[in-house]
Amino acid sequence: MSTAVLSVRLPEELKRRLDDLGSRTGRSATFYVREAVESYIDDLEYAYALRAEAEAARRGELKTRRLDEIAAELGLDA
């Protein structure tokens with residue numbers, strides 16, 4: 001797998017915590033930053049996609065249906 005370099009500025013306290021964790025585990029701070037980004041990026045992408053979809057719905061750009069229409073279609077309108 002090829003890699004790219006990304007420079008990130010962190011608060012000193014966070015950098016200290018990463019360095020301490022690395023010292024205790026024998027891993028680098030870079031390892032933990034990469035792990036954090038990999039575990040969180042899916043959630044970020046999903047959240048931003050949902051936000052964009054909600055905004056498109058508010059602007060009337062998406063076809064939507066009312067809940068009572070869906071319930072009736074599914075036979076749940078009792």
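Me: How many aromatic pairs does the structure hold?

Reply: This is a predicted model, and the structure in it holds one aromatic pair. The rings of Phe31 and Tyr32 have centres 5.0 Å apart and planes at 85°, so the pair is edge-to-face. To read such a case, one looks at the angle between the planes, and an angle over 60 degrees counts as edge-to-face.

Me: Which residue lies over the face of Phe31?

Reply: That residue is Arg27, which lies over the face of the Phe31 ring at 4.1 Å from the ring centre. Phe31 therefore appears twice in this account, once in the edge-to-face pair with Tyr32 and once beneath Arg27.

Me: What secondary structure does the protein have, and in what order do the elements run from the N terminus on?

Reply: The secondary structure comes to three helices and zero strands, and from the N terminus on the elements run α-α-α. The radius of gyration is 22 Å, well over the 12 Å that the globule rule gives for 78 residues, so the protein is more spread out than a compact globule. Along the principal axes, the C-alpha trace spans about 60 × 30 × 30 Å.

Me: How far are the C-alpha atoms of Asp19 and Ala72 separated?

Reply: These C-alpha atoms are separated by 58 Å, and the two residues stand 53 residues apart along the chain. Asp19 is found in helix H1, and with a relative accessible area of 33% this residue is partly exposed.

Me: What share of the residues is buried, and what is the accessible surface of the protein?

Reply: A residue counts as buried when its relative accessible area is under 20%, and buried residues make up 8% of the 78 residues here. The accessible surface of the protein comes to about 7400 Å², and 54% of that surface belongs to carbon and sulfur atoms.

Me: Which residues make the nonpolar surface patch?

Reply: The patch, of about 580 Å², is made by Leu6, Val8, Leu10, Leu14, Val33, Val37 and Ile41. Helix H2, which covers residues 29-58, gives the most to this patch, with three residues. Leu14, another member of the patch, lies in helix H1, which covers residues 12-25, and because its relative accessibility is 36%, Leu14 counts as partly exposed.

Me: How many salt bridges does a search of the whole structure find, and why can side chains of opposite charge pair?

Reply: The general idea is that side chains of opposite charge can pair when their charged atoms come close. In this structure, a search of the whole finds six salt bridges. One of them joins Arg16 and Glu13, whose closest N and O atoms are 2.5 Å apart. Another joins Asp20 and Arg16, with 2.4 Å from N to O.

Me: Where do Arg16 and its partners lie along the helix?

Reply: Arg16 and Glu13 both lie in helix H1, three residues apart, about one turn of the helix. Asp20 and Arg16 are four residues apart in helix H1, so about one helical turn separates this pair as well. Taken together, Glu13, Arg16 and Asp20 are linked in a network of salt bridges.

Me: Are the residues of that network buried, partly exposed or exposed, and what relative accessibility does each have?

Reply: Each is read from its own value, and partly exposed is the class between under 20% and over 50%. Arg16, at 40% relative accessibility, counts as partly exposed. Glu13 counts as partly exposed at 45%, and Asp20 counts as partly exposed at 30%.

Me: Which residue does Arg65 meet in a salt bridge?

Reply: The side chain of Arg65 meets that of Glu73 in a salt bridge, at 2.3 Å from N to O. Arg65 is partly exposed, with a relative accessible area of 42%, whereas Glu73 counts as exposed at 59% relative accessibility.

Technical notes: Residues are numbered from 1 along each chain as its sequence is written. This is a predicted model: local features need pLDDT of at least 70, side-chain atom pairs count only at pLDDT 80 or more; totals for chains, interfaces and linings use all residues. Side-chain values use heavy atoms; hydrogens and water are left out. Patches are made of residues with over 30% relative accessible area and no salt bridge: like charges are joined within 9 Å, nonpolar side chains (Val, Leu, Ile, Met, Phe, Trp, Tyr) within 5 Å. Accessible areas come from the Shrake-Rupley method with a 1.4 Å probe; for residues, only the protein chains shown count as cover. A salt bridge is a side-chain nitrogen of Lys or Arg within 4 Å of a carboxyl oxygen of Asp or Glu. Helices (H or I, at least four residues) and strands (E, at least two) are DSSP runs, numbered from the N terminus. Buried means under 20% relative accessible area, exposed over 50%, partly exposed in between (1.4 Å probe, protein chains only). Rings of Phe, Tyr and Trp (its six-membered ring) pair if their centres lie within 6.5 Å; planes under 30 degrees apart count as stacked, over 60 as edge-to-face and the rest as tilted. A charge sits over a ring if NZ of Lys or CZ of Arg is within 6 Å of the ring centre and within 35 degrees of the ring normal. The radius of gyration is taken over C-alpha atoms; the globule rule is 2.2 Å times the number of residues to the power 0.38.
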